[in-house]
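Colleague: I have a fold to get to know before I go back to the bench. Could you walk me through it?

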Amino acid sequence: NICRSPLTLVQAQKRAQETGFDSLEFSSRATYLGTARQPADLRTQAIARTAGLNLKDHRAQTLKAQDFIDYDLLIAHDQRNVEDMLALCPPGFEDKIMLLLDFAPETQRPDVPDPYQGDHEDFILAWQLIKKGVEGLITALRS
């Protein structure tokens, strides 16, 4: 919740506001406990700043079972996220989990790769895929 999720969060909030869906509630959660209360990765913050988005105050939060009840949709960036989410998911709420790129089939990719261990180009690729996934999500919400 320090690389991809913060970018997805602020991009979804921006696009929702721009398209009249500003009443939607978005949040960002981690399935990995080690990032709790940490700020977004500096490379993620740099991408956000370049896009005119603010992650300065972002702090990672941990996914909880209650989130499956409180939210209508839980979005994962890759299959590992899905598996981690399923491990926390109360019975009967599994269908709320979707991959972000399910909303961007034109990418022909199932996952937004985790750029954390990579370089700047990996962060740029993740950002490009996030933007496409968020755009597809907003389009789906408008339908």
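Modeller: Happy to; we will take the overall fold, then the pocket, then a few single residues, and please keep in mind that this is a predicted model.

Colleague: Let's start with the order of the elements. Which pattern does the protein chain follow along the sequence?

Modeller: The protein chain has five helices and two strands. Read from the start of the sequence, they come in the order α-α-α-β-α-β-α.

Colleague: And how does the radius of gyration of the protein chain sit against the globule rule?

Modeller: The C-alpha trace spans about 40 × 35 × 30 Å along its principal axes, and 43% of the 143 residues count as buried. For 143 residues the globule rule gives 15 Å, and the protein chain comes close to that, so it is as compact as a globular protein of that length, with a radius of gyration of 14 Å.

Colleague: What share of the contacts with a separation of 6 or more joins residues 24 or more positions apart?

Modeller: Contact here means heavy atoms within 4.5 Å. Among contacts in the protein chain with a separation of 6 or more, the share from residues 24 or more positions apart is 65%.

Colleague: Now the largest pocket, please. Which element gives the most to its lining?

Modeller: The largest pocket has a volume of about 1,200 Å³. Of its 38 lining residues, the closest to the centre are S5, S28, R29, I75 and H77. Elements that each supply at least two lining residues are α1 (4-18), α3 (65-70), β1 (74-76), α4 (79-88) and α5 (120-142). The one that gives the most, with five residues, is α1.

Colleague: How many residues of that lining are nonpolar, polar and charged?

Modeller: The lining of the largest pocket mixes these classes. Its residues divide into 10 charged, 10 polar and 18 nonpolar.

Colleague: I always ask about cysteines. Are C3 and C89 buried or exposed, and how many disulfides does the structure hold?

Modeller: Buried means under 20% relative accessible area. C3 has 6%, so C3 is buried, and C89 has 11%, so C89 is buried too. A disulfide is a covalent bond between the sulfur atoms of two cysteines. The number of disulfides in the structure is zero.

Colleague: Last one: where is D41 found, and which residues does D41 touch?

Modeller: D41 is found in the loop between α1 and α2 (42-50). Its relative accessible area is 10%, so D41 is buried. Leaving out residues up to four places away in sequence, D41 touches I2, C3, Y116 and F123.

Methods:
Residues numbered from 1 in each chain as written. Predicted model: local features only at pLDDT ≥ 70, side-chain atom pairs only at ≥ 80, totals over all residues. Heavy atoms only, no water. 1 Å grid on protein atoms, 1.4 Å probe; cavity = no way out; pocket = protein on both sides within 12 Å on 5 of 7 lines; lining within 4 Å. Points joined across faces, edges and corners; volume = space filled by probe spheres on them. Helix = DSSP H or I, 4+ residues; strand = E, 2+ residues; numbered from the N terminus. Nonpolar A, V, L, I, M, F, W, Y, C, P; charged D, E, K, R; others polar. Disulfide = S-S within 2.5 Å. Buried < 20%, exposed > 50% of the residue type's maximum accessible area, 1.4 Å probe, protein only. Rg over C-alpha atoms; globule rule 2.2 N^0.38 Å.
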